[in-house]
Amino acid sequence: MDKRILLIIGGGIAAYKSLFLIRVLARRGIKTRVILTKGGSEFVTALSVGGLSGEKVFTDLFDLTDEAEMGHIELSRNADLVVVAPATADLIAKAAHGIANDLATTTLQATDKRVLYVPAMNVRMWDSAPTQRNVKTLIDDGQYFLGPDEGEMACGEFGPGRMAEPDNIADKIESLLRGDTSLDGLRGPKPLAGKHALITAGPTREAIDPVRYLSNRSSGKQGYAIAAALGRLGAKVTLVSGPVAIDPPSCAELIRVESARDMLQACENALPADIFVAVAAVADWRTDSSADVKIKKDASGIPALKLVENPDILKTLSQAQSRPDLVIGFAAETNDVISHARAKLGRKGCDWIVANDVSGDVMGGDHNSMIVVTETGEDSFPRLTKADAARRLAEKIAEHFS
Ligand code: C5P
């Protein structure tokens with residue numbers, strides 16, 4: 001593969017792995033030009049980086065010789081992909097907020113190329129609210145993340161924080177370099193411009209009384225990621241969401257609902273749409289009536305809940321007069337995933353069913369292995385982060401309309 005990446009090495013103990021990364025990439029025919037941050041140069045030297053990359057190493061924005069030779073704009077212009085490894089909490093925070101005060105951060109802000117962040121930091125720093133907010137901002141902006149891996153860390157703690165291994169980073173770089181440009185971020189092409197995508201996400205809550213309800217463990221992460229991915233490809237997005245604890249993508253119009261009946265009503269109000277993706281884990285049943293006041297514990301013994309069936313939103317919209325052109329349902333199964341999905345395709349009257357095995361950590365977790373089942377075949381995605389799985393699905397949707 002005759003490609004060139006721009007590698008930004010941040011200040012973290014994992015910087016030594018970036019030296020291996022340069023070698024792994026060279027073996028795969030990918031050239032690496034490096035920006036070494038001030039922090040990065042505390043861990044590896046420009047001499048060793050330059051020795052491995054065979055190129056001049058760039059270190060400081062205000063080095064006039066550097067700027068004259070190749071400025072920050074030129075550096076990213078000459079690369080096919082920008083990779084930040086290790087991506088420290090500081091670099092991620094600056095990039096998320098558009099702070100540009102050295103060569104690495106000005107390059108990140110000026111680039112028109114995709115950026116892959118490979119984080120490495122202490123587990124608590126990774127889990128901290130600011131870092132998680134900043135990562136989400138960059139993902140919403142269309143940037144890519146790999147890792148961090150879970151394991152023992154240099155600081156003696158255990159958890160997610162280790163930088164991904166060089167071979168895995170190189171795999172991801174190759175797949176991004178091969179990838180369809182329709183997967184690009186905000187600056188990329190907009191194959192779904194002019195299309196309206198309606199998405200349901202999260203659980204529904206079925207009231208028993210004003211304080212109690214029936215619900216399920218859906219986190220809304222996959223539906224929100226799909227809404228963000230379709231928005232990045234230019235679709236106008238309406239996201240009808242049950243109660244969840246995550247932030248909505250900025251590109252979507254968010255309609256918050258509680259019950260299945262509210263969700264159906266909101267979806268019908270949002271029509272016409274070109275694309276309908278039913279990701280919500282709609283409660284199959286609700287109680288036949290909900291009490292207006294809190295049911296007293298000791299009023300008349302243990303209350304019996306009589307359940308009645310909720311409306312099927314996916315089926316209703318599949319049969320609607322103003323049916324969206326492409327209707328996609330989800331099938332969360334724990335066994336015989338594909339045969340159940342195929343049966344559901346007919347039962348619900350939708351065009352595609354995205355089957356996923358929820359016997360593992362899908363519900364509430366950050367990863368998913370999707371199989372897109374259509375009338376004519378199946379397309380299996382590997383195990384991906386929910387954000388990457390959403391990009392793949394959005395790309396497939398864009399292809400369908402192309
Ligand atoms: O057969 P099951 O109900 O599990 O099918 C799941 C699919 O149907 C999901 O796409 C889900 O969003 C949708 N669904 C719905 N309304 C319901 C139940 C499920 O839209 N009441």
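Helices (H or I, at least four residues) and strands (E, at least two) are DSSP runs, numbered from the N terminus. By that count, Pro-148 falls in the loop between strand 5 (144-145) and strand 6 (149-152). The model is predicted. It holds a ligand, which sits in the second largest pocket. This briefing covers the ligand, its pocket and some backbone features.

**Around the ligand**

- The residues around the ligand include Ala-278, Val-279, Ala-280 and Val-282.
- Pro-311, Asp-312, Ile-313 and Leu-314 are also among them.
- Gly-329, Phe-330, Lys-344 and Lys-348 belong to the shell as well.
- Eight residues of this shell are nonpolar, one is polar and three are charged.
- Helix 12 (313-318), strand 16 (326-333) and helix 13 (337-348) each give the shell at least two residues.

**Polar contacts and burial**

- Oxygen atoms of the ligand have polar partners in Ala-280, Phe-330 and Lys-348.
- For Ala-280, a backbone N or O atom lies 2.6 Å from a ligand oxygen.
- For Phe-330, a polar backbone atom is 2.7 Å from an oxygen atom of the ligand.
- Lys-348 uses its side chain: a polar atom there lies 3.1 Å from a ligand oxygen.
- The ligand on its own exposes 440 Å², and the protein buries 84% of that area.

**The pocket**

- The second largest pocket contains about 1,000 Å³ of space.
- Its lining is made of 41 residues.
- Ala-280, Ala-281, Val-282, Phe-330 and Ala-332 are the lining residues nearest the pocket centre.
- Strand 8 (196-201), helix 10 (221-232) and strand 15 (307-309) are among the elements that supply two or more lining residues.
- Helix 12, strand 16 and helix 13 also do so.
- Strand 16 makes the largest contribution to the lining, with four residues.
- By class, the lining has 19 nonpolar, 13 polar and nine charged residues.

**Backbone features**

- Most residues other than glycine have a negative phi, and most peptide bonds are trans.
- The peptide bond from Gly-147 to Pro-148 is cis, with omega near 5°.
- Leu-271 and Pro-272 are also joined by a cis peptide bond, with omega about 5°.
- Pro-272 lies in the loop between helix 11 (260-270) and strand 13 (275-278).
- Asp-336 is not a glycine, yet it has a positive phi of about 45°.
- The loop between strand 16 and helix 13 is where Asp-336 is found.
- Strand 16 and helix 13, on either side of that loop, each supply at least two residues of the ligand shell.

Definitions and conventions
Residues are numbered from 1 along each chain as its sequence is written. This is a predicted model: local features need pLDDT of at least 70, side-chain atom pairs count only at pLDDT 80 or more; totals for chains, interfaces and linings use all residues. Side-chain values use heavy atoms; hydrogens and water are left out. A residue is near a molecule or strand if one of its heavy atoms lies within 4 Å of it. A polar contact is a pair of N or O atoms within 3.5 Å; within protein, one must be able to donate a hydrogen and the other to accept it, and residues adjacent in sequence count only if both atoms are side-chain atoms. Accessible areas come from the Shrake-Rupley method with a 1.4 Å probe; for residues, only the protein chains shown count as cover. On a 1 Å grid over the protein atoms alone, a cavity is a set of points where a 1.4 Å probe fits but cannot get out, and a pocket is an open set with protein on both sides within 12 Å along at least five of seven lines; lining residues have an atom within 4 Å of a point. A molecule sits in a cavity or pocket if more than half of its atoms lie within 2 Å of its grid points. Ala, Val, Leu, Ile, Met, Phe, Trp, Tyr, Cys and Pro count as nonpolar, Asp, Glu, Lys and Arg as charged, and the others, Gly among them, as polar. Grid points are joined across faces, edges and corners, and a volume is the space filled by probe spheres set on the points.
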